[in-house]
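Let's take a friendly look at how charged side chains pair up in this protein. Here is the structure to keep beside you as you read.

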Amino acid sequence: MEQPPEQSPARSTEPSPDHVARIQAAWRRERPDLDVAPQGVIGRLHRVATLLTHELCAVYARYDLGEGEFDVLAALRRAGAPYERAPGELAAHTMVTTGAVTKRIDRLERAGLVTRRAAAEDRRGRVVALTDAGRELIDRAFTDHIRNEHRLLAALTPAEAAQLETLLTGWLARLEPATPSPPPPSPQSPQSPPTR
């Protein structure tokens, strides 16, 4: 008598444990007295941030830029004409120290992408501005950057992306200390429109 064909085992619809889940399982075994549930959120955020940074920096590298140089050029470009800011403003807008900004500016100046000059109203102050080459480069790089961000978010549905943005916005508002507004625009000559 002919035997019926063997049925293949049903495939589980549950995703296999990821890196964070395996770490949590190990800690639950070793420290059952602790609730390691927060690792499920914070550990995955760390991992997502690392992966995203790698993907974003790959685009910056196409333009011979590091993440820091890209941030400085972008802060100058979104200032509006004449595309300039004081170093202190750049530090506030890129969330790094003035010393770190100075190193980035040095590299960009050597590459011909920014210039430095004395402030019109205070000769002791300095103003950093995009050159024509710097503006052309950041416009191309930012276009590719936004295209890349759309690609990365395409792994989520529009509804998921909107929900995630709402959750992260609310959480960030609770975690981030109240920060003062960015410093006022750098002094401009009478012929120049104010920095925005």
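## A pair within one helix

Arg-135 has a relative accessibility of 33%, so it counts as partly exposed. Its partner in this predicted model is Asp-139: the two form a salt bridge, with their closest N and O atoms 4.0 Å apart. Asp-139 is partly exposed too, at 31% relative accessibility.

Why are these two about one helical turn apart? Both sit in helix H6, and they are four residues apart there.

## A pair between two helices

Next up is Glu-55, which makes a salt bridge with Arg-151; here the closest N and O atoms are 2.8 Å apart. Glu-55 belongs to helix H2 (residues 38-62) and Arg-151 to helix H6 (residues 132-153), so this pair ties together parts that lie 96 residues apart in sequence.

As for how open they are, Glu-55 comes out at 30% relative accessibility, which means partly exposed. Arg-151 is at 47%, and that also counts as partly exposed.

## A pair between two strands

Strands get a salt bridge as well: Glu-84 pairs with Arg-117, and their closest N and O atoms are 2.6 Å apart. Glu-84 is in strand S1 (residues 84-85) and Arg-117 in strand S2 (residues 114-118), so the link spans distant parts of the chain, 33 residues apart.

Buried or exposed, what is Glu-84? Its relative accessibility is just 5%, so Glu-84 counts as buried. Arg-117, with a relative accessible area of 31%, is partly exposed.

## The full count

In total, the model has 14 salt bridges.

Key:
Residues are numbered from 1 along each chain as its sequence is written. This is a predicted model: local features need pLDDT of at least 70, side-chain atom pairs count only at pLDDT 80 or more; totals for chains, interfaces and linings use all residues. Side-chain values use heavy atoms; hydrogens and water are left out. A salt bridge is a side-chain nitrogen of Lys or Arg within 4 Å of a carboxyl oxygen of Asp or Glu. Buried means under 20% relative accessible area, exposed over 50%, partly exposed in between (1.4 Å probe, protein chains only).
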